[in-house]
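Reader: I should like to go through the terms applied to this structure and ask what each label rests on. Please set each value against its definition.

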Amino acid sequence: MATETLARGASLDIVLRIPVGFADGYLAGWVPTSQIRTLSDQLIATLNASWVDPDTTRYLRLRCDDTGDWPVGLAVFDIRLTSPTGYRRQSKPRQLLITRGETRV
């Protein structure tokens, strides 16, 4: 499981690539959602999940501008894609190590 690192207080901005097995545009119309949680399943935040290019659906962007109150430690997130008919696919979880940021102004 890949681990990203984020200093608490910094904005989260992660771009993820859809696996190569999906043709460009295959997921057009599908809606991405994502949440980040502690290892004990406490919700930290619902992330802003969007397609970088909704026509090719090749890359997803996960964002959260304010992480100032996020707990320090290991967290997990995944992505749920919901088709226009309501069918859902869930990605494998990924880890995010939230560290204490030294600059706090």
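Reader: Why is Glu102 called exposed?

Author: In this predicted model, Glu102 has 56% relative accessibility. Exposed means over 50% relative accessible area, buried under 20%, and partly exposed in between (1.4 Å probe, protein chains only). Glu102 therefore counts as exposed.

Reader: What makes the contact of Glu102 and Arg100 a salt bridge?

Author: A salt bridge requires a side-chain nitrogen of Lys or Arg within 4 Å of a carboxyl oxygen of Asp or Glu. The side chains of Glu102 and Arg100 meet at 3.2 Å, N to O, and so satisfy that rule. Arg100 itself has 48% relative accessibility and is therefore partly exposed.

Reader: How many salt bridges does the rule give?

Author: The count comes to seven. One of them joins Asp24 to Arg58, with the closest N and O atoms 2.8 Å apart. Asp24 lies in the loop between S2 and strand S3 (31-38) and Arg58 in the loop between strand S4 (43-51) and S5, so the pair ties together parts 34 residues apart in sequence. Strands (E, at least two residues) and helices (H or I, at least four) are DSSP runs, numbered from the N terminus.

Reader: Is Arg58 buried or exposed, and why?

Author: Its relative accessibility is 10%, so Arg58 counts as buried. Its partner Asp24, at 54%, is exposed.

Reader: How do you know that Asp13 and Arg61 form a salt bridge?

Author: Their closest N and O atoms are 2.7 Å apart. The pair links distant parts of the chain, Asp13 in strand S2 and Arg61 in strand S5, 48 residues apart. Asp13 has a relative accessible area of 37% and is therefore partly exposed; Arg61, at 31%, is partly exposed. Asp13 and Arg61 also belong to a network of salt bridges with Arg63 and Asp65.

Reader: Where is Ser11, and what does Ser11 touch?

Author: Ser11 sits in the loop between strand S1 (3-7) and strand S2 (12-17). Leaving aside residues up to four places away in sequence, Ser11 touches Leu6, Cys64 and Asp65, where contact means heavy atoms within 4.5 Å. The side chain of Ser11 reaches the backbone oxygen of Asp65 at 2.9 Å. With 44% relative accessibility, Ser11 is partly exposed.

Reader: On what conventions do these values rest?

Author: Residues are numbered from 1 along each chain as its sequence is written, and side-chain values use heavy atoms, with hydrogens and water left out. As the model is predicted, local features need pLDDT of at least 70 and side-chain atom pairs count only at pLDDT 80 or more, while totals for chains, interfaces and linings use all residues.

Terms used: Polar contact = N/O pair within 3.5 Å; in protein donor to acceptor, adjacent residues only side chain to side chain.
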